[in-house]
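Me: Got a minute to walk through this one with me? I'd like to go over some backbone oddities, a surface patch and some helix packing.

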Amino acid sequence: MIPVQFDYLAPTSVEEALAALAEHGDDAKVIAGGQSLLPVLRMRLNAPEVVIDLGGIAELRGIREDGDSLVIGAMTTHHDVLNDALVKEHALLLVRAEHQLADAQIRHRGTFGGALAHADPAGDLGAPALALGAEFVIAGPGGSRTVAADDFFVDLFETAIAEGELLTGIRVPKHTGWGAHYEKFVRVAHQWPIVAVAAAVKVDGGTISEARVGLTNMGSTPIRARAVEEALVGQPATEDAVRTAAALATEGTNPPSDLNGAADYRSHLAQVLTRRAVLAAAGA
Amino acid sequence: MARIELTVDGAKVSDDVEPRMLLVQYLREKLGKTGTVIGCDTSNCGACTVHLDGRSVKSCNVLAVQANGREVTTIEGLADGDQLHPVQEAFRECHGLQCGFCTPGMIMQAVDLLGENPSPTEAEVREGMEGNLCRCTGYHNIVKSVLHAAGGAK
C-alpha cells in the first residue's frame, strides 16, 4: 500500500513549521514520529497535499525540569520518555504507560506529543496525562498558549489544537514519591487496549492520602475517574477498600461497543482494572 | 521528487525519491536490498525491521525522506563478509525459523534488544520481541536463539 502523492516539507524550527502550516492550512498534515499517520496514509484514509515533518526541529526534543514540573518536548520519542531518569523519579505513571505502549520499534520512532495530539481514545498516554494534570503547550501564529488536560481532549481524534497551531510540549506536574501503575487489557500483545486504567497514588503510613485515576477507551476521550479518586482518599490501601472505590469507575463514562467488547463488558473491565491498578500503584 | 543522501549498510547512497516512498520500498526497489521483506504492510508484523541510527524501526512505517542524512542497517549489513553475526549464527544453531520470512526482522530486533540488554531473561526476550510476528514456530526456538546469542539460556 502506497500513500497518495504529496509534497514534503522539513522545517528546522517551530517558526518555520508554523509558517508552513499557515501557508498550506487544511491541505497539510503534520507528521511527528508517523507511527499512526503513516498507516493512515498508506490505507489512503487521508490524502494530504503537503506533509510537514517535525523530525528536524531539535528544540522539540528532550525532557527538562522547570520548578514543580517536567517539560517534555512534543517530539521526544516514547523510548526516550520510558528511559528518562527525571520521568521515572517525578512521573512514574508515564513510565508505566510507555512500557506497555505498542512495541519496541514503534517506541523508537513514535513521539510523546504525536500520540497525544493524535488523540486516539484507545491511545495509552491520554489517561496518564489526564490523571497527572498535564498541561499542553500549543504554539500558533499569535504566540504560545497553555491548555489544561481537562480541556485538551475534545472528542474522538480531536483536541484543543486549532488549525495553524502545533503542540510543542507537555508540562507534567511532579508527582515525586507517588506509586503508579498502568493496567491494560488487550486481546493479543502490542494491541490497543480494550480498556486500560492509569493510577497514581500517594500512600502515607498505609493510608491513601491522594489519588489520580484516568481511564482509556471508556468514552470518546480519556476520562478522569474523579469519583474513584475522592472515594480512595483517606482509605487504607487494602483490597476491600480499593474494591469499593473502584466500583465507581464507570461514573461519567460512555464506553463504546465494538468487536472487542460491548459497553457493559467494558464497564465491568473498568472496575476490575481500576482495582488492580490502584492496588499495584499502592504497592499493596 | 526529493533528494536524499544516507548511509545504508556502510555505503553512502543518494537518490531522488518521491516523498511518499516508504523506506522499505527504497531499500528493496531502489537499492535491491530484498533481504528486508514486507510482511503485513500495516506496521504490525515487524518483518521489515531495520536499524535507523542504530535503533530498530519498522521500515514500512518510515518514509525514505525521513532517513535523509541518517544511517540505515539492514539484515544484509550484519554479517562481516562470510562471518555471520552472532545473532544470525544463533538462529542457525537453534533453528530459530521454519519458513524464514519473519527472520530478517526477528534478527534485527534481537540485535537491538541485546544491544540494550545484553543478558535478558526469557520473559524480557518475549516482551522485547513482541513487535515481531511469526506464523510458523510458536516462537519457542526464536526465543531460544536470542537467549543463545546472549550467551546461554537463563
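**Chat notes**

Reply: Sure. At 18% relative accessibility, A:A102 counts as buried, the cut-off for buried being under 20%. Keep in mind that this is a predicted model.

Me: Where is A:A102 found?

Reply: A:A102 sits in the loop between α5 (92–99) and α6 (104–109) of chain A. Its phi is positive, about 50°, although A:A102 is not a glycine. Most residues other than glycine have a negative phi.

Me: OK, and A:A119, what's its phi?

Reply: About 55°, so positive again for a residue that is not a glycine. A:A119 lies in the loop between α7 (112–118) and α8 (126–131) of chain A.

Me: Is A:A119 buried or exposed?

Reply: Buried, because its relative accessibility is 7%.

Me: Switching to the surface: which residues form a nonpolar patch?

Reply: A:M1, A:M43 and A:L45, with about 330 Å² of accessible area together. A:L45 is in the loop between α2 (37–42) and β3 (50–53) of chain A, and it counts as exposed because its relative accessibility is 63%.

Me: Now helices. At what angle do α11 and α12 of chain A pack?

Reply: About 135°, with the axes of α11 (residues 239–246) and α12 (residues 263–281) 9 Å apart. That makes α11(A) oblique to α12(A). The crossing is right-handed.

Me: And in chain B, how do α3 and α5 cross?

Reply: At roughly 40°, with the axes of α3 (residues 103–116) and α5 (residues 140–149) coming within 11 Å. So α3(B) is oblique to α5(B), and α3(B) passes α5(B) in a right-handed crossing.

Terms used: Residues are numbered from 1 along each chain as its sequence is written. Chains are lettered from A and ligands numbered from 1 in the order in which they are written. This is a predicted model: local features need pLDDT of at least 70, side-chain atom pairs count only at pLDDT 80 or more; totals for chains, interfaces and linings use all residues. Side-chain values use heavy atoms; hydrogens and water are left out. Patches are made of residues with over 30% relative accessible area and no salt bridge: like charges are joined within 9 Å, nonpolar side chains (Val, Leu, Ile, Met, Phe, Trp, Tyr) within 5 Å. Accessible areas come from the Shrake-Rupley method with a 1.4 Å probe; for residues, only the protein chains shown count as cover. A salt bridge is a side-chain nitrogen of Lys or Arg within 4 Å of a carboxyl oxygen of Asp or Glu. Helices (H or I, at least four residues) and strands (E, at least two) are DSSP runs, numbered from the N terminus. Buried means under 20% relative accessible area, exposed over 50%, partly exposed in between (1.4 Å probe, protein chains only). Axes are lines fitted to C-alpha atoms, for helices over the stretch in contact, and angles run from 0 to 180 degrees between N-to-C directions. Angles under 35 degrees count as roughly parallel, over 145 as roughly antiparallel, 65 to 115 as roughly perpendicular and the rest as oblique. A crossing is left-handed if the near helix is turned anticlockwise from the far one by less than a right angle, and right-handed if clockwise.
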